Structure formats: C-alpha cells, structure tokens
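Reader: Hi! I'm new to reading protein models, so could you walk me through this one?

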Amino acid sequence: MTAPGEILHTGAADYPGLDEWRRLPLSQQPAWHSHPEFESSVAELSANPPLVFAGEVDKLKRRLARVAQGEAFLLQGGDCAESFDGATADKISARVKTLLQMAVVLTYGASLPVVKMGRMAGQFAKPRSSDEETRDGVTLPSFRGEIVNGFDFTRESREPDPRRMVKAYNTSASTLNLVRAFTEGGFADLRAVQQWNKGFMENPAHARYEQIAGEIDRAVRFMEACGVEFEGLKRTEFYAAHEALLLDYERALTRIDSRTGEPYITSGHFLWAGERTRDLDGAHIDYLSRVHNPIGVKLGPKTTPEEALALIDKLDPHREPGRLTFITRMGAANIREKLPPLVEAVRDSGAQVVWVTDPMHGNTITAKNGYKTRRFDDVMDEVRGFFEVHRALGTYPGGLHVEMTGDDVAECLGGSDVIDESAFDGRYESLVDPRLNHKQSLEMAFLVAEALSRR
Ligand code: PEP
Ligand code: MN
C-alpha cells in the first residue's frame, strides 16, 4: 500500500525554474503552438491525474542505486515508437511477458536482482534527422511519433495535432493499468514461468529457457514443500520509461510531490534524453536537471569525456547513486575504442552512474530491399564489447536497453532462428526502428546472463 502522503501531488504551474527551458535552444519539436487546440490540450493534461507517483519514482531510484553499486542489473526494453493501435491487451502482454522472461534468464543466470523497465506507456515521440520528408516530389512534415502526427504520408495525417498528446496520455494510462495488473496480479508469478513460452519451443534459445524454467520450478516446489512462502515470487516491480522529447507534454505532466515539495515528471518513472537532444545548454537537459526522477542520457560515439563529466555536473550535482544512467549506443565497430575514455573519465571523477548498453541505435543499416534493419550479430557484438570494456576497466556493466517486441516480427536480420530480408515484406511492423522479436530477445538475454555470470 502507498501511504496517503505519497499520492498527493499538486500542480506545478508556478514552481521556479520549470519554464526556463522555454528560453533555451529547443530542437525536435512540432510547430503547433498556434494551433487552436494547443492551449486546451495542455490545460487538459495539466488537470489530469499523474500516471506515476513520486513514491514509486523514489523507489526506482533506490533500485537504480543498487545497480550503480554493482548489486543489480537494469533491463530496459520495448518499442522504438509505441502506436495507438498497438496498445492492445495481446501485444502489451506479449511484450511484458518477453521482458519478464528475459529478466528470469538474467536473474537466474547471473544470480542478480533485475530492475525491469519498459520503453512503454509513454514512448510515443520520435526525434527525426530531418523536419520534412519528400516522396515523389511531395514534401510533408516528418512523422514525429503518434503523439504529434500520423504515419500515413498525406498532408492531413502529417499535420501536427496537439490533441494527440491527450490521446497519448490516455493510451499510456490504459497501458500502464494493464501492466500493473499483469505484474502485480499473479501473471508474473515465477511459478508460472514454464507456461510463458508455449508455442516457441523448437528454437534453441527456447530449449535453454525451458531448462532454466524447469530448474526454477523445481526450486520453488522444493521451497513450497518446506513450507516457505515467498511473496517476492508472486509479483514483480515494473517501471515505465520513455524519451522525454516533447517538452510541452512533459511540462504539463509535471507535479509537485506533497511530501517533499519537489517536482517530478509523472508521465513515467524514468525519462531519458536522446542522442539528438542532450546538448548541455539546450532545453531538454535543463528541464531534466530540475525534476527528481531518475534520468538517462544516450551517449553516441561522438561524445567526449568532457561532455560526459559536464552532464554529470548538471544532472547529478549531488552525486546521488541511481539518479543518472548513461545509455551508450556506440555501434559494434566503435564501442571498444569509444567507450573506454568515457568510462575512465567518469570512474576517475568518483561519480557513480549506471552504465547501460543500447546495442541497437549504433547498428542501424538499410537492407537491400529498402527496410531499416539491424544485424543480430552486430547487436550481439556491441553487447560483448560493452562487457569487455567494463571488465578491462574494473567498472560495472549495469544494464541492457533494447528495442524489442513479444511478437513474431521480422525486423532485425539473423538470430539462431534466422530472419532474412525476404521475411520483411510480410512481418515488418515497426513504424520507426527495427526491433528484436521474441526469440531474438531471449537469445540476447542468454548472452548477457553468460557475460554477467562470468564476472
Ligand atoms: C531511440 O531510443 O529510439 C532513439 C532515437 O535513440 P537515440 O537517441 O540514441 O538515437
Ligand atoms: Mn529507436
């Protein structure tokens, strides 16, 4: 139960500093401020209940502090971009189930608690490399995620529409409601792990999963026979994360926690700044520096050690373990060269950040038939490189951040149940970046569990 004081939040209209970002360079936003429904949409969001509570957010920060100290592992996964139509019970449960299966493999394989977090219930806004897209001589605004505009290439659909923020809020609320029901209502009961992978048995990764599930099942039955009741096996904590890209939305969902008087973004537990919006003097980093949530920052191969240290000074001035997570996305070809100087500089500064590998965004290629894809081998290689670098430097490889789904899609090439380009036409569903499918996700979890247990 949450104590009553923990769920009381007040509006943040006049809180000092929360509007400073409006005066700073702000990239990747739609031009919609003069839209007739902009003000009413923001007002509606500001009056809506928070999606998450400050007490939960603080608990996550304590969990992440344990990750920073090398005592737990962080698993983040979900769609590149959620879609409104994709928020069905089947798809949400498949994704949560896959993340929980990955977490089981990691927990059991590495004997470490796993902090589970979805790129879910709010991951609707996308940064784009260009403001406009041209097809056959027609130029329209780029698709910026369904919180901003539609994917279809028509003028009407690509027009930014602020009412979409309200729809994104409502879709996030129903997604989070289902996730909470699944993870707290018995669905995540470890005693049911063997039932989770019906229909996926022929794949090698699944044969290994079956074996682990069988071992856990025997251990749990043994404890039950001895009269031991573990509440911890029946339900699990699951946190919601997304990129804090659309500052109109995040500002409208910021609330003041009545216990502490501090501002929290209440659209999700964990928010991150993307590679394109992490400028030290830009609006996004300023805004994130002023809220009390745990914060992530994506770091690409051009990041300098000085930038990493300046981000720590700005976002984690009190050096609070759990506050700051660096999510590196270097590319398989770069990680062994580009990551060490950053890790060394941070280590030598004494700051305790969580280091997470995102092996997806540095490894995106275009397939011969035009699809945006990633090779599973490249993704795996970046993960291996991440563990090698941390092993060599004596630092802790704290987590994994993947774009994945619980469905049997064909978006990334390879895996032990090989996906090739010919499968894309029938089974490529992602609106933006290619995701690992269910089998590829499990295979990834086994690789990471092995690397962790070797430490
Ligand atoms: C993403 O996570 O979908 C993304 C756009 O990542 P990055 O900011 O690292 O490019
Ligand atoms: Mn992506």
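Reader: What spacing do the donors of the manganese ion (ligand 2) follow along the chain?

Author: Some ground rules: this is a predicted model, where local features need pLDDT of at least 70, side-chain atom pairs count only at pLDDT 80 or more, and totals for chains, interfaces and linings use all residues. Residues are numbered from 1 along each chain as its sequence is written, chains are lettered from A and ligands numbered from 1 in the order in which they are written, and side-chain values use heavy atoms, with hydrogens and water left out. Donors are N, O and S atoms within 2.8 Å of the metal (3.2 Å for Na, K and Ca), and sites may look incomplete, as water is not among the atoms. For the manganese ion (ligand 2), the spacing of the donors reads C-x280-H-x41-E-x29-D.

Reader: Which protein donors does the manganese ion (ligand 2) have?

Author: They lie 2.1 to 2.4 Å from the ion. Listed with their atoms, the protein donors are Cys80 (SG), His361 (NE2), Glu403 (OE) and Asp433 (OD).

Reader: How many residues apart in sequence are the parts that Glu403 and Asp433 tie together?

Author: Helices (H or I, at least four residues) and strands (E, at least two) are DSSP runs, numbered from the N terminus. Glu403 sits in strand 15 (residues 399-403), while Asp433 is in the loop between helix 13 (424-427) and helix 14 (438-453). So the pair links parts of the chain that are 30 residues apart in sequence.

Reader: Is Glu403 buried or exposed?

Author: Let's set the cut-offs: buried means under 20% relative accessible area, exposed over 50%, and partly exposed in between (1.4 Å probe, protein chains only). Asp433, at 6%, is buried. Glu403 has 0% relative accessibility, so it counts as buried.

Reader: What is the angle between helix 11 and helix 12, roughly parallel or oblique?

Author: Axes are lines fitted to C-alpha atoms, for helices over the stretch in contact, with angles running from 0 to 180 degrees between N-to-C directions. The axes of helix 11 (residues 335-349) and helix 12 (residues 376-393) come within 9 Å and cross at roughly 40 degrees. Angles under 35 degrees count as roughly parallel, over 145 as roughly antiparallel, 65 to 115 as roughly perpendicular and the rest as oblique. Helix 11 and helix 12 are therefore oblique.

Reader: How many nonpolar, polar and charged residues are in the contact of helix 11 with helix 12?

Author: Contact means heavy atoms within 4.5 Å, and residues that meet include Leu339 and Val343 in helix 11 and Phe386 and Val389 in helix 12. Ala, Val, Leu, Ile, Met, Phe, Trp, Tyr, Cys and Pro count as nonpolar, Asp, Glu, Lys and Arg as charged, and the others, Gly among them, as polar. The contact of helix 11 with helix 12 has seven nonpolar, two polar and seven charged residues.

Reader: Which residue, 31 residues from Glu243 along the chain, has its C-alpha atom 6.5 Å away?

Author: Glu243 belongs to strand 6 (residues 239-243) and is buried, at 7% relative accessibility. Beyond its neighbours within four places in sequence, Glu243 is in contact with residues including Gln123 and Trp272. The residue at that C-alpha separation is Gly274.

Reader: What is phi of Ala121, about?

Author: Ala121 lies in the loop between strand 3 (114-119) and strand 4 (132-135), and at 3% relative accessibility it is buried. Although Ala121 is not a glycine, its phi is positive, at about 55 degrees.

Reader: Is Arg319 buried or partly exposed?

Author: Arg319 is in the loop between helix 10 (305-315) and strand 11 (324-328), and its phi is positive too, near 50 degrees. With 35% relative accessibility, Arg319 counts as partly exposed.
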